[in-house]
Amino acid sequence: MSLGYAEKLSFIEDVGEVGMREFFDPPHVLQEKIERLAMTIKESKHLVVFTGAGISTSCGIPDFRGPKGIWTLQREGKPLPQASLPFHRAVPSMTHMALVELERAGILKYVISQNVDGLHLRSGIPREKLAELHGNSFMETCPSCGAEYFRDFEVDSIGLKETSRHCSDANCGAKLRDTVLDWEDALPSKEMSYAEKHCQMADVVLCLGTSLQITPACNLPLKCLRGGGKIVIVNLQKTPKDKKASLVIHGLVDKVIAGAMNLLNMQIAPFVRIDFIQIILTKALSGDEKYVNWMLRLASVHGQKVPLPFIKSVEVTFLDEEKYKAAVLHEQPFLLKRRTERTKVFEMVLKINFSDGCGCLCSQINIPFDPKVSTDCSTPDKDAILQKLRDTAIQGRCCGQNAIIGKKIKLAPNGETTTFAVITNIVIHNKASKAFETEVISNGDIKKQKRSARGNRSSRKRSKT
């Protein structure tokens with residue numbers, strides 16, 4: 001990540017008390033509290049969830065005030081924790097996906113987050129039901145028309161500064177800005193307005209993985225009390241708002257939420273990540289008109305000058321192996337230039353090798369080459385194609401599948417841009433008798449982990465796919 005997650009987050013939260021002691025409720029007490037939580041969720045009419053760093057620790061993103069938190073280690077002069085995977089490849093936790101299922105069921109009305117990791121949006125929480133009080137490391141916004149752009153790469157600045165990209169609206173074109181707050185930046189008024197409104201309407205505000213120390217955000221849950229609402233806190237450390245809560249649970253957030261979802265007899269939504277690639281093929285006749293000079297380029301859907309962070313290299317081979325030499329593209333931009341006979345029709349095979357953090361090693365895309373101008377201007381049903389990709393990935397317990405979701409033809413110069421959707425990660429939560437079993441697909445392996453209120457166990461077996 002560009003600034004480093006620790007440096008980026010240190011700009012937007014006050015350190016407060018660090019190195020806070022962690023508490024774990026005894027198993028029988030924890031189970032009783034989880035039962036109360038499940039009943040509270042079931043009976044709620046307007047449930048709001050308020051999240052902090054603790055919801056993302058199981059995603060490989062460190063918290064701040066825990067024994068191994070960023071600020072605790074900084075105060076002790078110890079090295080900061082190393083991320084287990086690139087920030088841009090972090091996968092939503094079981095809790096993130098449980099919230100998605102609660103929202104789809106009509107139970108969860110709104111999510112308020114202090115995190116900048118973008119995992120609520122990536123998990124599938126609708127933007128209109130989410131307030132990101134401190135911004136989003138993967139979001140750019142247009143100050144002129146208000147358009148938002150959710151990226152697959154980390155925006156490399158903080159403090160609402162201008163970035164190098166522009167609004168894609170033809171009637172606007174203003175320079176975009178990052179959305180992560182710096183020390184002197186006030187909380188975004190629009191996000192705060194919606195957050196306050198929903199907290200006032202809430203009959204339950206469920207606080208997950210937050211120390212509730214950062215003002216003014218930490219006071220939002222209290223707004224439900226005036227209308228007779230309840231506050232529930234799930235956190236490993238004590239918080240200043242514990243005395244205001246009707247229920248305080250000291251336990252790992254994932255285990256607590258898994259237990260509650262099990263009691264509610266609700267499945268946790270699987271997570272399927274889809275990334276996008278543009279393959280640009282341009283062609284031009286040589287001066288003597290005997291050959292076609294062509295160029296193949298892999299580009300980001302966010303702009304041709306933007307890197308593709310999830311791709312490590314591209315291997316290009318030709319089905320007519322005797323005539324055309326294979327190539328390996330190691331560096332971005334991934335670009336291949338060749339000259340072929342004017343009338344020659346052939347097919348290229350692209351083996352796209354993924355970077356660390358993706359759930360599979362590679363994906364294969366076949367690209368037909370015809371020197372003539374393509375006339376295929378059909379518009380595929382993007383939503384239907386994406387849904388089919390998700391269903392196939394979940395059913396097959398594997399990733400790497402791809403499909404065309406868009407195509408543009410350009411006559412001068414002769415060229416075509418094809419947009420592919422590719423499944424790059426999949427995590428499935430299977431409901432068991434007393435726990436949820438999580439399957440994380442990684443490079444052809446299925447890593448299984450059981451989570452319940454009492455603990456977890458892990459095992460690994462080789463995928464058949």
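# A guided tour, one selection at a time

Let's start with a pair of strands: select residues 271–285, which form strand 11, and residues 291–299, which form strand 12; the two run antiparallel and are joined by eight bridges. You are looking at a predicted model. Within this pair, pick out Leu285 and you will find its bridge partner, Val292, in strand 12. Now move to the turn of the hairpin, where five residues lie between the strands and Glu289 takes a positive phi near 60°.

Keep strand 12 selected and add residues 334–341. This is strand 15, and it pairs with strand 12 in the antiparallel sense, again over eight bridges. To see the two strands facing each other, show Met295 together with Lys337 in strand 15, which stands opposite.

**Into the first core**

Next, show the side chain of Leu298. Which residues does Leu298 contact, leaving aside its neighbours within four places in sequence? They are Ile277, Gln278, Ile279, Leu308, Ile311, Val314, Phe334, Leu350 and Ile352. Leu298 is also part of the largest nonpolar core, which has 43 residues. The members that touch the most others there are Ile279, Trp294, Leu298, Ile311, Met348 and Leu350. Select residues 414–431 as well: this is strand 19, and its six residues are the largest share of this core. There is also a second, separate core, made of 40 residues, with Val49, Met94, Ala98 and Val204 among them. As background, nonpolar side chains tend to be buried together in soluble globular proteins.

**The parallel sheet**

Val204 is a handy signpost, as residues 204–208 make up strand 8. Select them with residues 230–234, strand 9, and you have a parallel pair held over five bridges. Inside this pair, Val205 has Ile231 of strand 9 as its bridge partner.

Now widen the view. Strands 8 and 9 belong to an open sheet of six strands with parallel pairing, in the order 3-2-1-8-9-10. Select 130–132 for strand 3 and 247–249 for strand 10 to mark the edges: each has a single partner strand, so one side of each is left without a neighbour in the sheet. Turn the sheet so that you look across its strands, and follow the twist, which averages 15° from one strand to the next.

Two helices are worth adding here. Residues 27–43 form helix 2, which lies across strand 1 (47–51), strand 8, strand 9 and strand 10. Helix 2 runs at about 130° to strand 10. Then select residues 189–201, helix 6, which packs on the sheet and touches strand 1, strand 2 (108–113) and strand 3. The direction of helix 6 makes about 135° with that of strand 2.

**Two helices crossing**

For the next stop, hide what you have and select helix 4 (residues 94–104) with helix 7 (residues 253–263). Their axes come within 9 Å and cross at roughly 35°, and the crossing is left-handed. Show side chains to see who meets whom: Met94, Thr95, Ala98, Glu101 and Leu102 come from helix 4, and Val253, Asp254, Ile257, Ala258 and Met261 from helix 7. By class, this contact has seven nonpolar, one polar and two charged residues.

Is helix 4 mostly covered or mostly uncovered? Helix 4 is mostly covered, with nine of its 11 residues buried. Among them are Met94, His96, Leu99 and Glu103. Helix 7 is mostly covered too, and there 10 of the 11 residues are buried, including Lys255, Gly259 and Asn262.

Look just past the end of each helix. Gly106, just after helix 4, takes a positive phi of about 85°, and Asn265, just after helix 7, takes a positive phi of about 60°.

**Out to a loop**

Now find Ser168, in the loop between strand 6 (162–166) and strand 7 (175–178). Why does Ser168 count as exposed? Its relative accessibility is 59%, and exposed means over 50%. Add Tyr149, which is 19 residues away along the chain: the C-alpha atoms of the two are separated by 9.5 Å.

**Zooming out**

Finally, show the whole chain. How many helices and strands does the protein chain have? There are eight helices and 22 strands. Of the 465 residues, 53% are buried. Among contacts with a separation of 6 or more, 63% are between residues 24 or more positions apart.

Definitions and conventions:
Residues numbered from 1 in each chain as written. Predicted model: local features only at pLDDT ≥ 70, side-chain atom pairs only at ≥ 80, totals over all residues. Heavy atoms only, no water. Core = buried A, V, L, I, M, F, W, Y, C linked by side-chain atoms within 4.5 Å. Buried < 20%, exposed > 50% of the residue type's maximum accessible area, 1.4 Å probe, protein only. Helix = DSSP H or I, 4+ residues; strand = E, 2+ residues; numbered from the N terminus. Contact = heavy atoms within 4.5 Å. Pairing = 2+ DSSP bridges. Axes fitted to C-alpha atoms, helices over the stretch in contact; angles between N-to-C directions. Left-handed = near helix turned anticlockwise from the far one by under 90°. Nonpolar A, V, L, I, M, F, W, Y, C, P; charged D, E, K, R; others polar.
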